[in-house]
Amino acid sequence: RIVTGLESGQVTLWDGVDFRFLIVIQAFSRNPVLCLKHFHTLDWFIIGDSSGRIRYNDNTLNFLNEVEVHQEAINEVSMSPSDQLYVTGSQDKLMKIVDTYSRTVISSLVGHRGAVRGVDWHPSMSLIASGSEDRTTALWDPKAMSCIHSFKDSMQSVEKVQWDPSGTLLATCCNDQHLRLYDVRTMTMLKDYRWQGDSPTCVTFHPRFPGMFSVGDSAGSISFFDACVNDGPEANGAVFTMPGAHNPPSRGTQHRACRVNCLQYHPLGHLMASGGRDKALHVWCRHMAGDNMRDIFHKHSFDPSDEFPASGYIDPRS
């Protein structure tokens with residue numbers, strides 16, 4: 001199943017096998033859904049909105065509870081490995097750690113001088129990464145409630161931060177057209193990927209293959225990277241890029257850049273979902289052995305009549 005949050009405040013549930021629409025609820029009456037995360041072990045997920053509220057729902061979208069955590073918009077939320085706690089990042093420049101069961105704020109992490117745009121809890125340790133509009137990426141100890149290290153390589157705001165499954169690599173998407181990959185074992189920058197004219201907006205690591213990750217950008221393209229490869233064939237160093245993934249040429253006579261807002265792999269790694277400003281959700285998969293490479297992103301077999309043979313297309317407007 002796939003859960004999506006919309007700017008209209010709705011949350012929709014889709015069948016990820018045959019791409020059928022299942023159910024929709026109005027989570028927030030006036031505010032857009034800004035972040036949505038599923039718990040690791042519980043059959044719950046939480047939703048954050050622009051008023052600073054967190055809403056609990058179960059897997060069938062039934063309402064469970066609601067709590068006010070911030071006074072301003074919640075930009076991102078991330079779960080601890082045990083699901084007992086979660087951390088939120090907000091426009092009020094604060095990060096707050098909340099107890100999942102009592103729904104109370106345990107502590108606040110203070111230090112950023114700008115809105116906190118991205119947060120991510122380490123997959124196995126008591127360590128939190130954050131990115132902010134103050135152009136810094138920070139690492140926090142939630143027990144000591146203090147910042148233990150900060151990276152100041154970005155020239156503009158840091159929009160997203162993401163740990164790899166092993167917890168040794170940290171990726172940051174920045175508005176200065178760079179994606180930086182840090183090795184936290186040595187606290188050094190391992191890779192620096194640069195876009196031309198656009199900026200990376202979201203990143204997700206493959207759950208099975210170390211060092212492999214996918215990045216969406218402000219032009220609607222999705223790029224695939226391998227940290228073990230020095231330089232890929234694409235201009236930004238990617239192994240492969242799908243240009244205009246969220247506004248393919250076959251869907252209209254005019255090309256219109258649509259920002260990719262989010263990317264997420266299936267836990268087994270065989271599917272990847274992407275959501276963009278074109279109000280569509282795409283589900284991507286690899287070609288099967290023996291399949292012809294006849295999708296619109298293969299330059300040598302482009303056919304305007306082709307319709308995503310290597311992906312499932314879900315349009316919430318239909």
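**Exercise 1. Find the partner of Gly118 in strand E13 and work out which strands flank E13.**

Step 1: Gly118 has Gly131 as its bridge partner in E13. Before going on, note that this is a predicted model: local features need pLDDT of at least 70, side-chain atom pairs count only at pLDDT 80 or more, and totals for chains, interfaces and linings use all residues. Residues are numbered from 1 along each chain as its sequence is written, and side-chain values use heavy atoms, with hydrogens and water left out.

Step 2: Strand E12 (residues 116-121) runs antiparallel to E13, with five bridges between them. Strands (E, at least two residues) and helices (H or I, at least four) are DSSP runs numbered from the N terminus, and two strands pair if DSSP finds at least two bridges between them.

Step 3: Now look at the next strand. E13 is also antiparallel to strand E14 (residues 137-141), through four bridges. Here Gly131 stands opposite Thr137.

Step 4: Check the connections. Six residues make the hairpin link from E12 to E13. The hairpin of E13 and E14 has four residues between the strands, and Arg135 there takes a positive phi near 75°.

**Exercise 2. Are the residues of strand E13 buried or exposed?**

Step 1: E13 covers residues 128-132, and five of its five residues are buried. Buried means under 20% relative accessible area, exposed over 50%, and partly exposed in between (1.4 Å probe, protein chains only).

Step 2: Sort the side chains by direction. Ile128, Ser130 and Ser132 point one way, while Ala129 and Gly131 point the other way, and all are buried.

**Exercise 3. Compare the surroundings of His122 and Pro123 in the loop between E12 and E13.**

Step 1: Start with exposure. His122 has 2% relative accessibility, so it counts as buried. Pro123 comes out at 35%, which means it is partly exposed.

Step 2: List the contacts, meaning heavy atoms within 4.5 Å. Not counting residues up to four places away in sequence, His122 touches Pro81, Leu127, Trp163, Ser166 and Gly167. With neighbours within four places set aside, Pro123 is in contact with Pro81, Trp163, Asp164, Pro165, Ser166 and Gly167.

Step 3: Look for a polar contact, which is a pair of N or O atoms within 3.5 Å; within protein, one must be able to donate a hydrogen and the other to accept it, and residues adjacent in sequence count only if both atoms are side-chain atoms. The His122 side chain reaches the backbone oxygen of Gly167 at 2.9 Å.

Step 4: Add a distance. Pro123 and Asp164 sit 41 residues apart in sequence, with their C-alpha atoms 8.1 Å apart.

**Exercise 4. Which side chain makes a polar contact with that of Ser50?**

Step 1: Place the residue. Ser50 is in the loop between strand E5 (44-49) and strand E6 (53-58). Its relative accessible area is 27%, so Ser50 is partly exposed.

Step 2: Gather its neighbours. Leaving out residues within four places in sequence, Ser50 is in contact with Asn31, Pro32, Leu34, Glu72 and Ala73. Its C-alpha is 6.4 Å from that of Pro32, with the two positions 18 residues apart along the chain as their separation.

Step 3: Pick out the polar one. The side chains of Ser50 and Asn31 are joined at 3.4 Å.

**Exercise 5. Describe how E10 and E11 pair and turn.**

Step 1: Strands E10 (residues 95-99) and E11 (residues 105-109) are antiparallel, over four bridges. Within this pair, Val98 stands opposite Val105.

Step 2: The two strands form a hairpin with five residues between them, and Arg103 in the turn has a positive phi of about 60°.

**Exercise 6. How many helices, strands and disulfides does the protein have?**

Step 1: Count the elements: zero helices and 27 strands.

Step 2: Check the sulfurs. The whole structure holds zero disulfides (a disulfide being a pair of cysteine sulfur atoms within 2.5 Å). As for two cysteines, Cys258 is buried at 2% relative accessible area, whereas Cys285 is partly exposed at 37%.

Step 3: Finish with totals. Of the 318 residues, 52% count as buried. Among contacts with a separation of 6 or more, 38% come from residues 24 or more positions apart.
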